[in-house]
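Welcome, and take a moment to look over the molecule shown here. We will walk through it together, one region at a time.

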Amino acid sequence: MSELQRVTKTFTGYLKRPDLYPELGRKVIKNIFNRKSAFRGKEKTLAWAKSNAVSQETAIAELFGIEMKPFDLLFPEELRTAKKREAECPVKMGGAGALELIYAACEFTHAQSVVETGVAYGWSSLAALLSLQKRTGVLYSSDMPYLSQDGDRYVGSVVPEDLKSHWKLFRHADKESLPKIFVEAISVDVVHYDSDKSYEGRAWAYVELHRHLKKGGVFISDDIGDNSAFQDFCEKENIKPTIVDFEGKFVGAFVKS
Ligand SMILES: C[S@@+](CC[C@H](N)C(=O)[O-])C[C@H]1O[C@@H](n2cnc3c(N)ncnc32)[C@H](O)[C@@H]1O
């Protein structure tokens, strides 16, 4: 698909979904007035992340005082089925992230309530749900579909049916979904950010997610090297995060004090 075809398909997708018009408006304004904001402060944050990053194993030990157990040893059958579902999915989306970190965060907090932004195939959802199911907890997810690929119905493809009773998926942009989620999940054990990668999107959501995170709860954000939103947020709040070097990208995490 050419860039023009992709943009046209995305725009047509938006037009068919009046519930996504607020996000369309924000995207149009951003693309006219604020095109460079996606990479604001990227250089300084990459240098900061590189000089502080540790492995996922070290991060789990540092943050939670527990030993990392590889996901494929903990859940071999679930992982095999999920990979098969991903391979069979006709729409191509982003792949799995630091599943062990998400799972360990839920185990460490004995999570009853988890909020995540960004679902795609649902790898992070699967990691959280496999822990939450033990305590009949709930995962609240916010995800806007891949409009250029008619991806709506494939969101969360790798999540098996038996885990879905623990899952509430809000299919709008974060700015619409998160306020609805926080009506139900006032105080949460773990938050995982992996959706709108713009500086503004992150800056807005980090404040909201942090405000609703319990003391002792775990904050995780994916791809923190895209721009300096995560670093700036941590510096403003006087937080010293753990940074994970995960397959060439950086994940930020901390326990709320
Ligand atoms: C990297 S993927 C998420 C991957 C997922 N966490 C996993 O582990 O499989 C990012 C997702 O965020 C969604 N997204 C992007 N911008 C968004 C926004 N403003 N609000 C909600 N979802 C958004 C995309 O449609 C996509 O499904």
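What follows is a short tour of the ligand, its surroundings, a helix and some charged pairs. Please keep in mind that this is a predicted model.

Let us begin with the ligand. It is surrounded by 17 residues, and those that come nearest are S124, D143, M144, D174 and D194. What sort of residues make up this shell? Sorted by class, six are nonpolar, six are polar and five are charged.

Some of the contacts with the ligand are polar. The side chain of E23 has an N or O atom 3.4 Å from a nitrogen atom of the ligand. The backbone takes part as well: a polar backbone atom of G118 is 3.0 Å from a ligand nitrogen, and an oxygen atom of the ligand lies 3.3 Å from a backbone N or O atom of A120. How much of the ligand does the protein bury? On its own the ligand exposes 600 Å², and the protein buries 89% of that.

D143 deserves a second look, since it is one of the residues nearest to the ligand. You will find D143 in the loop that runs between β2 (138–142) and β3 (167–170). D143 is buried but has no salt bridge, and R171, the nearest side chain of opposite charge, is 6.4 Å away. That separation matters here because a salt bridge requires a side-chain nitrogen of Lys or Arg within 4 Å of a carboxyl oxygen of Asp or Glu. D143 does have a polar partner in A120, whose backbone nitrogen lies 3.3 Å from a polar atom of the D143 side chain. A120 is also the residue with a backbone atom 3.3 Å from a ligand oxygen.

Now turn to helix α8, which spans residues 123–132. Among its buried residues is S124, already met as one of those nearest to the ligand. Why can α8 be called largely enclosed by the rest of the structure? The reason is that 10 of its 10 residues are buried. Besides S124, they include W123, L126, A127 and L132.

Charged pairs come next. Side chains of opposite charge can pair when their charged atoms come close. How many salt bridges does a search of the whole structure find? The search finds 22.

One of these joins D152 and R17, with their closest N and O atoms 2.9 Å apart. D152 is in the loop between β2 and β3, while R17 is in the loop between α1 (3–15) and α2 (21–33), so the pair ties together parts that are 135 residues apart in sequence. D152 counts as partly exposed, at 25% relative accessibility, whereas R17 is buried at 17%.

Another salt bridge brings us back to the ligand's surroundings. D194, one of the residues nearest to the ligand, pairs with K197, and their closest N and O atoms are 2.9 Å apart. Both partners are partly exposed: D194 has a relative accessibility of 23%, and K197 has 25%.

D222 and K249 form a salt bridge too, with the closest N and O atoms 2.8 Å apart. D222 lies in the loop between β5 (213–221) and α11 (229–237) and K249 in strand β7 (residues 249–255), so this pair, 27 residues apart, links distant parts of the chain. Are these partners buried or partly exposed? D222 counts as buried at 3% relative accessibility, and K249 as partly exposed at 23%.

Finally, follow the connections onward: D194, K197, D222, D223 and K249 are linked in a network of salt bridges.

Key:
Residues are numbered from 1 along each chain as its sequence is written. This is a predicted model: local features need pLDDT of at least 70, side-chain atom pairs count only at pLDDT 80 or more; totals for chains, interfaces and linings use all residues. Side-chain values use heavy atoms; hydrogens and water are left out. A residue is near a molecule or strand if one of its heavy atoms lies within 4 Å of it. A polar contact is a pair of N or O atoms within 3.5 Å; within protein, one must be able to donate a hydrogen and the other to accept it, and residues adjacent in sequence count only if both atoms are side-chain atoms. Accessible areas come from the Shrake-Rupley method with a 1.4 Å probe; for residues, only the protein chains shown count as cover. Ala, Val, Leu, Ile, Met, Phe, Trp, Tyr, Cys and Pro count as nonpolar, Asp, Glu, Lys and Arg as charged, and the others, Gly among them, as polar. Helices (H or I, at least four residues) and strands (E, at least two) are DSSP runs, numbered from the N terminus. Buried means under 20% relative accessible area, exposed over 50%, partly exposed in between (1.4 Å probe, protein chains only). Lys and Arg count as positive and Asp and Glu as negative; His and the chain ends are not counted.
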